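Visitor: I should like a close look at a single part of this model. Please describe its geometry in a connected account.

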Amino acid sequence: MTKDQKVVAIQEIKDLLQDAKVVYVADLDGLNAAKSSEFRRQAFKQNIKVKVVKNTLLQKAMEQIEGVDYSEMFQTFKGNSALMIAETSNAPAKLIKDFRKKEEKPALKSAFVQETFYVGDNNLDTLVNIKSREEMIGEIIGLLQSPIQRVVSALQNKPETVEAKAEEAAPAVEETPASEAPEAPATESTDETPAAE
């Protein structure tokens, strides 16, 4: 590879990394051409960019990215490396895990997700279980809506409850004098009846 080709390759990697929030480096070594193509096809369907890179060029590109110090990942840059860039935090981890149901590889080398570094394949299950930004926002909205819905429901039901209590109380008040009034004359007539007799 000529110096100019290296410069172009580093720039391509930098372009991929520039605004990336989810960066995985995986080991695809051992996957034949057909399996490697299948892995890429599945990644494409899930909106995950996959690029096989030279470790030295990947490291140089990462060193030139401002705002993120990727140095924790450099120790894993050995052998065959594939750079995976995604929007969803756990998408590459799920893809790797699903693919490994049939194959030994790919293996996770390292990842940068939600401003945290994960080094080693033993972190794959942790990464699979990370909730995506959309899932977290959905849960937060659900949690926020729950008390609001209860308050709104209570406010909507409160007038009905007050009206219902008022209606229950009003007939009771009306009935009480009405029932007392007939009882009093009845008592008087009962008193009068024996007196008349």
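Guide: The account below follows one helix pair and then the loops that come after it in the chain.

This is a predicted model, in which local features need pLDDT of at least 70, side-chain atom pairs count only at pLDDT 80 or more, and totals for chains, interfaces and linings use all residues. Residues are numbered from 1 along each chain as its sequence is written, and side-chain values use heavy atoms, with hydrogens and water left out.

Helices (H or I, at least four residues) and strands (E, at least two) are DSSP runs, numbered from the N terminus. The axes of helix 2 (residues 33-45) and helix 5 (residues 91-99) cross at roughly 145° and come within 11 Å; axes are lines fitted to C-alpha atoms, for helices over the stretch in contact, and angles run from 0 to 180 degrees between N-to-C directions. In contact (heavy atoms within 4.5 Å), Lys35, Glu38, Phe39, Gln42 and Ala43 of helix 2 meet Leu95, Ile96 and Phe99 of helix 5.

Beyond helix 5, the loop leading to strand 4 (107-113) holds Pro106, which a cis peptide bond with omega of about 10° joins to Lys105. The loop between strand 4 and strand 5 (116-119) contains Gln114, whose phi is positive, near 50°. Glu115 lies in the loop between strand 4 and strand 5 and has a positive phi of about 60°. Most residues other than glycine have a negative phi, and most peptide bonds are trans. Gln114 is partly exposed because its relative accessibility is 40%, whereas Glu115, at 71% relative accessible area, is exposed; buried means under 20%, exposed over 50%, and partly exposed in between (1.4 Å probe, protein chains only).
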